[in-house]
Amino acid sequence: MTHLSKILFVLLLSWSMLAQAHDTKRPRIGAPNQQTPAGVPENWGTYCVTELAPLFREALALYGSNNLMISKPYGGQFSKAPNLSSGSNPLPRVLPKIPFTPPVHIGQKDKKITVYVAKKIVTMDPGWPYATAVAVQDGRILSVGSFEDLKPWLDKHPYEINTSFKDKVMYPGFIEAHGHPVMGGIAISLPPLTYYPLRNPYGPEFPGVKNYSEMITKLKEYVAQAKSPDQTILTWGFDSVAMGGKNPTNIDLDKVSKTNPIILWDASEHFVFANSAAIKKYGVTKEQLAKTIGAGRNPDGSSNGQFLGTEAAKLIMLKPLAEILTPERGLYSLRYISALMQQAGITTTGDLFYGGVNLDLENQLVNEVFGGPNAKARIVHVVDGITFMGIYGSKAIDQAIALRKRSNDQIIFNGVKFFADDAFVSLGMQLEWPGYIDSDKYKGLFMFNSRDDFLKAMRPWWQTGFQIHVHSNGSGGNQITLDALEILQAEHPRFDHRFTFEHFGISTTAQGRQLKALGAIVSTNPYYVSERADINANYIGTDRASLAARMASLINQDVVVALHSDTPVGIPSPLLEVWIAVNRVGSQSGKVHAPYERVLDVNRAMKMVTIDAAYALGINDRVGSIEAGKFADFVVLETDPQEVDPLKIKDIPVVATILGGRPTLTSETKTPNWK
């Protein structure tokens, strides 16, 4: 070994040891002093890798073979993530096929140029920031500027001028940097019981229910609308934390109906509440209750209607979920969320949990809605790492690479995702000291048994060159992810890796600097500020609740920050997300939360839903700005967000979206039969 090699070896070893020593000051993942929810088994985090997926998977596996368009052997994939420390990789008997993704042509099918003119075009290209005309050919941007600037092209080629939006403002099409179209679409298209208003693409928005009494009143309305006295009323969005903390029992819900089975699926997606008719219809037994943690029981051993946690929820939710997971319902739900996205100006959405429910089902639904010539948006699939390792074993990365090579202009595969800690809304995220105010009730948990397992899962993907996204919510989850990235960089240095912290909910200034030093980026959820800061102050303190979803302090360090909704946590609405970033106003109090974290430059905030969101998904070479050569994806607004009162940004009407040069008016997607 040369002298230089010895020095490098010692430096590398010291860096790795330093990272590990640094980590010993904090609770380890899976260590005895980690915070674990009371009454929940220690290994809960190894399979609760997202809020919806476990229930969906098992419903598909147990009850879905007759009414779904999937093969039974592959129905549910697996209910628990593989034990990475033992090297086991449970494989289904029939592996899903890699979907065939033929080239899809969106937009014009001839070489004729279409020139869109507008009052103002904001390009997000800092060197050519504004224009009034953009030339489109074959679904791509040919040239942008003034009409005179386009003359070199127009003088030599046939063209037509579209003046439909001559009095409007155009931006690059908005990008949903982190969504769950399949799972989220199913959840938000159920009868809602949400605390906050919920948009409906086909009618007036749901106004929200502000307390327990209003929730019961709304349930009675749903029962009155039922087609039969035994029709199941499956609802979504009940928010016990926001509504005062009361959880209903079967006795409470029996007062709404003794014949209609009633099921409340709560906003955290971890808790379910049911009446006696539902408990009876879906066959919940005393024997099942006795051996299931989180299943509430009466003194005689019968169910009290409360199913707290994923394992308990499975007792009551699997059959009703299977009843709605039909091809028809699946397509309706995906079109439902697609309509919401179009009406919000979104032309590209990320799918940050591809494969997490069922690859066959997801592929067929997505190909139907996003893969055809009349699609309203593009989709970027980020594979779920644990799912792919569970299905394909040692071939997981090869399968993900094969998918990436099969991308087309509409359905794109890029990146891999892992989970560090649990959910923000349910207060399952892992916090560093001082933790939660009520530490006996709220604990937080990590998703792996140990840091070594976390590293072992990500290491081969990192070394292969994949962009890695990590769901990381609390300060504890963020720190363990930062330390893991530090070790990965020490072992195998990379440039432009775009390691993305998804959510980065509760963080410290030191973590922001460490993130910058390691070259990572952030995709954050602004709803953590507007919808949860007022609520969470009583659980984690005013300062940390207000500082959720840091923005300005990261941007000031030149960290790339994107915005997202993480549907169904929030509804896809980029202008609302920008409004939150600029104002940081609490929905309940009207208080400005952490005013120094506001993104006061509206143009900079708009980048967070356009070019920076594209960067976070690894597709900024194709979308996110209006530049020659990129896809002709635009959003048409009534006015410019940069020229209105910042408090009115969220109210700006979206007039239309343009995908590959083909316009869709917002009015066209406001009926369930849109095409």
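In the predicted model described here, buried residues make up 63% of the 675 residues in the chain. The accessible surface of the chain comes to about 25300 Å², and carbon and sulfur atoms account for 54% of that area. The chain contains 23 helices and 23 strands. Of the contacts in the chain with a separation of 6 or more, 75% are between residues 24 or more positions apart.

Among the helices, α12, which spans residues 385-392, is mostly covered, since eight of its eight residues are buried. The buried residues of this helix are Gly385, Ile386, Thr387, Phe388, Met389, Gly390, Ile391 and Tyr392. In general, an α-helix has 3.6 residues a turn, so residues three or four places apart point the same way. After α12 comes Gly393, which has a positive phi, near 60°.

Several features of the backbone were found in loops. A cis peptide bond joins Trp433 and Pro434, with an omega of about 15°, and Pro434 itself lies in the loop between β16 (411-419) and α14 (451-464). The peptide bond from Thr567 to Pro568 is also cis, its omega being near 20°, and Pro568 is located in the loop between β20 (561-563) and α21 (574-583).

Positive phi values also occur in residues other than glycine. Asp138 is not a glycine, yet its phi is positive, at about 55°; this residue belongs to the loop between β2 (130-137) and β3 (140-145). With a relative accessible area of 29%, Asp138 is partly exposed, because residues that are neither under 20% nor over 50% fall into that class. Asp496, likewise a residue other than glycine, has a positive phi near 50° and is found in the loop between α15 (475-491) and β18 (500-503). The relative accessibility of Asp496 is 54%, so this residue counts as exposed.

Charged side chains were examined next, and the count of salt bridges in the chain comes to 18. In one of them, the side chains of Asp640 and Lys120 meet at 2.6 Å, N to O. Asp640 lies in the loop between β21 (634-637) and β22 (654-659), whereas Lys120 is in strand β1 (residues 113-122), so the pair ties together parts that are 520 residues apart in sequence. Asp640 counts as buried, at 0% relative accessibility, and Lys120 is buried as well, with a relative accessible area of 18%.

A salt bridge is also formed by the side chains of Glu638 and Lys168, at 2.8 Å, N to O. This pair links distant parts of the chain, 470 residues apart, with Glu638 in the loop between β21 and β22 and Lys168 in the loop between β4 (159-162) and β5 (169-172). The two partners fall into separate classes of exposure, for Glu638 is partly exposed at 34% relative accessibility, while Lys168 is buried, with a relative accessible area of 18%.

The side chains of Arg378 and Asp633 meet in a further salt bridge, at 2.7 Å, N to O. Here too the pair links distant parts of the chain, 255 residues apart, since Arg378 is in strand β15 (residues 378-384) and Asp633 is in the loop between α23 (611-616) and β21. Both Arg378 and Asp633 are buried. Finally, Lys120, Asp640 and Glu643 are joined into one network by salt bridges that share partners.

Definitions and conventions: Residues are numbered from 1 along each chain as its sequence is written. This is a predicted model: local features need pLDDT of at least 70, side-chain atom pairs count only at pLDDT 80 or more; totals for chains, interfaces and linings use all residues. Side-chain values use heavy atoms; hydrogens and water are left out. Helices (H or I, at least four residues) and strands (E, at least two) are DSSP runs, numbered from the N terminus. Buried means under 20% relative accessible area, exposed over 50%, partly exposed in between (1.4 Å probe, protein chains only). Contact means heavy atoms within 4.5 Å. Accessible areas come from the Shrake-Rupley method with a 1.4 Å probe; for residues, only the protein chains shown count as cover. A salt bridge is a side-chain nitrogen of Lys or Arg within 4 Å of a carboxyl oxygen of Asp or Glu.
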